[in-house]
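User: I'm new to this structure and would like a close look at a single part of it. Could you walk me through the sheet, the helices on it and the salt bridges around them?

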Amino acid sequence: MFYLNVFYHTKDGMREAFLNRIKELGIDEKVRAEKGCVKYDYYFSDADENELLLVELWETKEDQQIHVQQEHMKILMSFKDEFVKSTELKAFEA
(Lines give C-alpha, C1' and ligand atoms only; values in the text may rest on other atoms or scores of the structure.)
Protein backbone atom coordinates (compact mmCIF):
# COMPACT_ATOMS: atom_id res chain seq x y z
CA MET A 1 0.00 0.00 0.00
CA PHE A 2 1.13 3.54 -0.79
CA TYR A 3 0.13 6.34 1.58
CA LEU A 4 0.30 10.02 0.75
CA ASN A 5 -0.61 12.93 3.01
CA VAL A 6 -0.94 16.23 1.18
CA PHE A 7 -0.93 19.33 3.37
CA TYR A 8 -2.40 22.28 1.48
CA HIS A 9 -1.62 25.62 3.10
CA THR A 10 -4.23 27.90 1.59
CA LYS A 11 -4.28 31.64 1.26
CA ASP A 12 -6.10 33.34 4.14
CA GLY A 13 -9.74 32.29 4.25
CA MET A 14 -9.56 30.20 1.06
CA ARG A 15 -9.61 26.65 2.52
CA GLU A 16 -13.35 26.06 2.12
CA ALA A 17 -13.46 27.73 -1.29
CA PHE A 18 -10.67 25.46 -2.55
CA LEU A 19 -12.42 22.31 -1.34
CA ASN A 20 -15.75 23.55 -2.72
CA ARG A 21 -14.21 24.02 -6.19
CA ILE A 22 -12.82 20.47 -6.08
CA LYS A 23 -16.23 19.10 -5.12
CA GLU A 24 -18.16 21.24 -7.64
CA LEU A 25 -16.02 19.82 -10.44
CA GLY A 26 -16.36 16.28 -9.10
CA ILE A 27 -12.60 15.83 -8.93
CA ASP A 28 -12.76 13.97 -5.61
CA GLU A 29 -15.32 11.47 -6.93
CA LYS A 30 -13.36 10.94 -10.14
CA VAL A 31 -10.24 10.15 -8.13
CA ARG A 32 -12.11 7.73 -5.87
CA ALA A 33 -13.22 5.84 -9.00
CA GLU A 34 -9.65 5.42 -10.26
CA LYS A 35 -7.98 2.02 -10.35
CA GLY A 36 -6.08 1.38 -7.14
CA CYS A 37 -7.62 4.18 -5.08
CA VAL A 38 -8.48 2.91 -1.60
CA LYS A 39 -8.96 6.26 0.18
CA TYR A 40 -9.08 9.88 -0.92
CA ASP A 41 -10.43 12.15 1.83
CA TYR A 42 -10.02 15.76 2.91
CA TYR A 43 -9.78 16.97 6.53
CA PHE A 44 -9.79 20.43 8.09
CA SER A 45 -7.18 21.26 10.72
CA ASP A 46 -8.68 22.52 13.96
CA ALA A 47 -5.40 24.28 14.79
CA ASP A 48 -4.89 26.12 11.48
CA GLU A 49 -7.86 27.58 9.62
CA ASN A 50 -5.83 27.67 6.40
CA GLU A 51 -4.66 24.04 6.38
CA LEU A 52 -6.43 21.33 4.41
CA LEU A 53 -5.16 17.77 4.69
CA LEU A 54 -5.71 15.27 1.89
CA VAL A 55 -5.20 11.64 2.89
CA GLU A 56 -4.60 9.29 -0.04
CA LEU A 57 -4.22 5.52 0.08
CA TRP A 58 -3.38 3.59 -3.07
CA GLU A 59 -2.89 -0.10 -3.72
CA THR A 60 0.49 0.67 -5.33
CA LYS A 61 2.78 3.64 -5.85
CA GLU A 62 2.35 3.10 -9.60
CA ASP A 63 -1.44 3.59 -9.27
CA GLN A 64 -0.82 6.94 -7.56
CA GLN A 65 1.66 7.98 -10.25
CA ILE A 66 -0.90 7.19 -12.97
CA HIS A 67 -3.47 9.17 -10.96
CA VAL A 68 -1.50 12.43 -11.13
CA GLN A 69 -1.51 12.25 -14.93
CA GLN A 70 -5.31 12.13 -15.23
CA GLU A 71 -7.22 14.96 -16.90
CA HIS A 72 -9.13 15.86 -13.72
CA MET A 73 -5.82 16.34 -11.92
CA LYS A 74 -4.63 18.69 -14.66
CA ILE A 75 -7.83 20.67 -14.07
CA LEU A 76 -7.12 20.82 -10.33
CA MET A 77 -3.60 22.04 -11.00
CA SER A 78 -4.96 24.76 -13.31
CA PHE A 79 -6.77 26.50 -10.42
CA LYS A 80 -4.80 25.39 -7.36
CA ASP A 81 -2.60 28.51 -7.23
CA GLU A 82 -5.71 30.67 -6.96
CA PHE A 83 -6.33 29.19 -3.48
CA VAL A 84 -3.11 27.56 -2.24
CA LYS A 85 0.15 29.24 -1.22
CA SER A 86 2.14 26.06 -0.47
CA THR A 87 1.85 22.28 -0.49
CA GLU A 88 3.70 19.73 1.61
CA LEU A 89 3.79 16.00 0.75
CA LYS A 90 4.52 13.11 3.10
CA ALA A 91 4.58 9.67 1.47
CA PHE A 92 5.30 6.18 2.74
CA GLU A 93 4.76 2.59 1.75
CA ALA A 94 3.62 -0.29 3.94
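Analyst: Helix H4, residues 71-83, lies across S1, S2 and S4, and its direction runs at about 130° to that of S4. Keep in mind as you look around that this is a predicted model.

The strands under that helix belong to an open sheet of four strands, in the order S2-S3-S1-S4. The pairing is antiparallel. At the edges you will find S2 and strand S4 (84-93), each of which pairs on one side only. From one strand to the next, the twist averages 15°.

Now zoom in on one pair of strands. Strand S1 (residues 2-10) and strand S3 (residues 51-58) are joined in the antiparallel sense over eight bridges. To find a spot on this pair, look for Phe-7, whose bridge partner in S3 is Leu-53. Another helix packs on the sheet too: H1, residues 15-24, touches S1, S2, S3 and S4. The direction of H1 makes about 150° with that of S2.

Next come the charged side chains. Side chains of opposite charge can pair when their charged atoms come close. The structure holds nine salt bridges, and three of them are worth a visit here.

Start with Arg-15, which forms a salt bridge with Glu-16; their closest N and O atoms are 3.4 Å apart. Arg-15 counts as buried because its relative accessibility is 7%, under the 20% cut-off. Glu-16, at 34%, counts as partly exposed.

Asp-28 and Lys-23 meet in another salt bridge, at 2.6 Å from N to O. Asp-28 is buried, with a relative accessible area of 2%, while Lys-23 is partly exposed at 44%.

The side chains of Asp-63 and Lys-35 also meet in a salt bridge, with 3.0 Å from N to O. Asp-63 lies in helix H3 (residues 61-67), whereas Lys-35 sits in the loop between helix H2 (27-32) and strand S2 (37-44), so this pair ties together parts that are 28 residues apart in sequence. Here, too, the partners can be described by their accessibility: Asp-63 counts as buried at 7%, and Lys-35 counts as exposed at 65%.

Finally, some salt bridges share partners, and these join Lys-23, Asp-28, Glu-29, Arg-32, Lys-39 and Asp-41 into one network. You have already met two members of that network, Lys-23 and Asp-28, as a salt-bridged pair.

Key. Residues numbered from 1 in each chain as written. Predicted model: local features only at pLDDT ≥ 70, side-chain atom pairs only at ≥ 80, totals over all residues. Heavy atoms only, no water. Salt bridge = Lys/Arg side-chain N within 4 Å of Asp/Glu carboxyl O. Buried < 20%, exposed > 50% of the residue type's maximum accessible area, 1.4 Å probe, protein only. Helix = DSSP H or I, 4+ residues; strand = E, 2+ residues; numbered from the N terminus. Pairing = 2+ DSSP bridges. Axes fitted to C-alpha atoms, helices over the stretch in contact; angles between N-to-C directions. Contact = heavy atoms within 4.5 Å.
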